[in-house]
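Please walk through this structure from one loop residue to the core, and then out to the charged and aromatic pairs.

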Amino acid sequence: MAAAAGAEADGERRNGLDVAGVVVLGACAAWPLITAAVRGGRPEGMLLAVLAVAAGYAAGRIGATLLPVAAPCVWALAGAGLAVAVPHLTPGPQMSTPLGHAGATAAVLALSAGAACCAAWAATARALRIALRLLAAGIAVTAAVLGSPAGCVAGALVLLCSLAAARVRRRGPGLVLLALAVAGVAGTTWAVARDALPDGLTASLEGRLSAHRVELWRDALGMVRRHAGLGVGPGRFGELSAASGESVLSDGRPHSAPLQLAAEQGVVGALLLALAFCWVLYALWRSPRSTPVVLTAGAALTAVAAISSVGNALSFTVVSVGVGLLAGTATARPLAPGTPPRTPDARSHEDRLAR
């Protein structure tokens with residue numbers, strides 16, 4: 001009786017979590033339509049991104065429920081293969097790293113490494129687990145061969161975080177640290193755009209980021225100050241940015257997801273992006289999967305969020321789909337019926353088995 005009641009309560013919580021996700025994604029889709037109606041612009045890009053994340057999340061949940069090892073392994077191989085076969089992911093002018101397509105390649109490879117590590121934790125055979133971790137290491141090496149240092153570093157960090165997760169009993173503090181890491185990168189981006197850092201540090205960061213990108217960020221911040229409520233309209237940054245118009249390689253974006261949404265959709269747009277990321281972290285915390293799987297996926301998604309804060313990764317549909325796939329993989333429910341409910345930090349037995 002107690003087990004049945006607990007299972008029912010756990011199912012209600014999971015349903016409530018899914019409903020919250022639908023509401024958040026719905027708000028992310030509705031707000032650009034509102035801002036476009038008032039300011040003008042093209043909300044199609046944001047709508048496509050939301051649809052891609054939702055579709056990937058559903059596919060990830062289904063695939064990891066039915067094939068917890070094979071499905072993420074296939075996604076890891078597909079992502080790595082895509083990065084090798086189509087290094088720039090889409091035709092068009094190739095901007096110097098870390099602008100443009102290089103960030104998308106790094107994000108895809110980070111997600112692929114995360115999927116391989118999640119598959120390794122789901123595997124029961126030791127040899128298969130080792131092979132999948134070698135696949136994750138190979139993805140990081142592939143990033144280096146492709147000339148994507150960000151992808152190499154991100155893939156290596158995801159693998160190291162996955163290995164370290166074996167010794168973590170409580171997932172909550174780990175997810176909080178990941179959230180703080182993303183907030184730190186986004187805050188640094190804002191500080192550079194506002195010229196709020198010491199001169200020496202600002203000059204050093206500009207040298208690594210490129211002066212053109214910093215000018216794009218400053219244009220975006222200027223739009224936020226003038227149009228904080230509704231922004232200038234979805235897709236209109238390139239029309240109003242002086243720095244964007246000066247470059248023949250510009251694609252009309254500021255190459256920072258938080259700044260782009262704040263400039264084009266106002267402060268509400270940026271807050272909705274932050275809310276979506278927080279919902280993903282909360283879904284990971286409530287996930288029935290083991291803590292190593294959850295923290296591995298969290299590390300990969302954090303790497304993508306950091307890359308997107310200083311690059312243009314989320315402008316590519318393949319990255320949005322990959323984010324949804326990995327989040328769905330790490331939050332998939334067990335297939336076996338009658339599985340007793342477990343609290344987020346009460347999975348030590350399964351975690352010990354996973355090690």
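**A buried loop residue, then the core**

H255 counts as buried, because its relative accessibility is 0%. The model is a predicted one. H255 sits in the loop between α11 (242-246) and α12. Its backbone deserves a look too. Phi of H255 is near 60°, a positive value in a residue other than glycine.

S210 offers a second case. Phi of S210 is near 90°, again positive in a residue other than glycine. S210 belongs to the loop between α8 and α9. S210 has a relative accessible area of 23%, so it is partly exposed.

Now turn to the nonpolar interior. In soluble globular proteins, nonpolar side chains tend to be buried together. The largest nonpolar core here holds 52 residues. Which of its members touch the most others? They are L175, L284, L301, V319 and L326. Eight helices are named as each supplying at least two residues of this core: α3 (70-85), α4 (101-122), α5 (126-145), α6 (149-164), α7 (171-194), α12 (257-285), α13 (291-309) and α14 (317-330). The most comes from α4, with 13 residues.

Take L175 and follow its contacts. Neighbours within four places in sequence are left aside. What remains is contact with L281, L284, W285, V294 and L295. Another core lies apart from the largest one. This other core has 18 residues, including A193, V232, F237 and A263.

Next comes α14, one of the helices that supply the largest core. How far does α14 reach from its first C-alpha to its last? The span is 20 Å for 14 residues, close to the 20 Å expected at 1.5 Å a residue. The helix is largely enclosed by the rest of the structure, because 11 of its 14 residues are buried. The buried residues of α14 are V319, S320, G322, V323, G324, L325, L326, A327, G328, T329 and A330. Two of these names, V319 and L326, have already appeared among the core members that touch the most others.

**Charged pairs**

Side chains of opposite charge can pair when their charged atoms come close. How many salt bridges does a search of the whole structure find? The search finds seven.

Start with E239. Its side chain meets that of R42 in a salt bridge, at 3.3 Å from N to O. This pair links distant parts of the chain, 197 residues apart. E239 is in helix α10 (residues 237-240), while R42 is in the loop between α1 (2-39) and α2 (44-66). R42 counts as partly exposed, because its relative accessibility is 46%. E239 also forms a salt bridge with R236. There the closest N and O atoms are 3.3 Å apart. R236 has 21% relative accessibility, so R236 counts as partly exposed.

Salt bridges that share partners join D195, E206, E215 and R218 into one network. Within it, look at E206 and R218. Their closest N and O atoms are 3.0 Å apart, in a salt bridge. E206 lies in helix α8 (residues 199-209) and R218 in helix α9 (residues 211-226), so the pair ties together parts that are 12 residues apart in sequence. At 23% relative accessibility, E206 counts as partly exposed. R218 is partly exposed as well, with a relative accessible area of 23%.

**Rings and charges**

How many aromatic pairs does the search of the whole structure find? It finds two. One is made by Y282 and W285. Their ring centres are 5.7 Å apart and their planes lie at 40°, so the pair is tilted. Why are Y282 and W285 separated by about one helical turn? The reason is that they are three residues apart in helix α12. Y282 counts as partly exposed at 43% relative accessibility. W285 counts as partly exposed at 28%.

W285 has a charged companion too. R286 lies over the face of W285, at 5.4 Å from the ring centre. W285 is also in contact with L175, the core residue followed earlier. A further charge sits over a ring elsewhere. The charged end of R133 is placed over the ring of W121, 4.6 Å from its centre.

Notes. Residues numbered from 1 in each chain as written. Predicted model: local features only at pLDDT ≥ 70, side-chain atom pairs only at ≥ 80, totals over all residues. Heavy atoms only, no water. Core = buried A, V, L, I, M, F, W, Y, C linked by side-chain atoms within 4.5 Å. Buried < 20%, exposed > 50% of the residue type's maximum accessible area, 1.4 Å probe, protein only. Helix = DSSP H or I, 4+ residues; strand = E, 2+ residues; numbered from the N terminus. Contact = heavy atoms within 4.5 Å. Expected span 1.5 Å × (residues − 1). Salt bridge = Lys/Arg side-chain N within 4 Å of Asp/Glu carboxyl O. Phe/Tyr/Trp six-rings, centres within 6.5 Å; stacked < 30°, edge-to-face > 60°. Lys NZ or Arg CZ within 6 Å of the ring centre and 35° of its normal.
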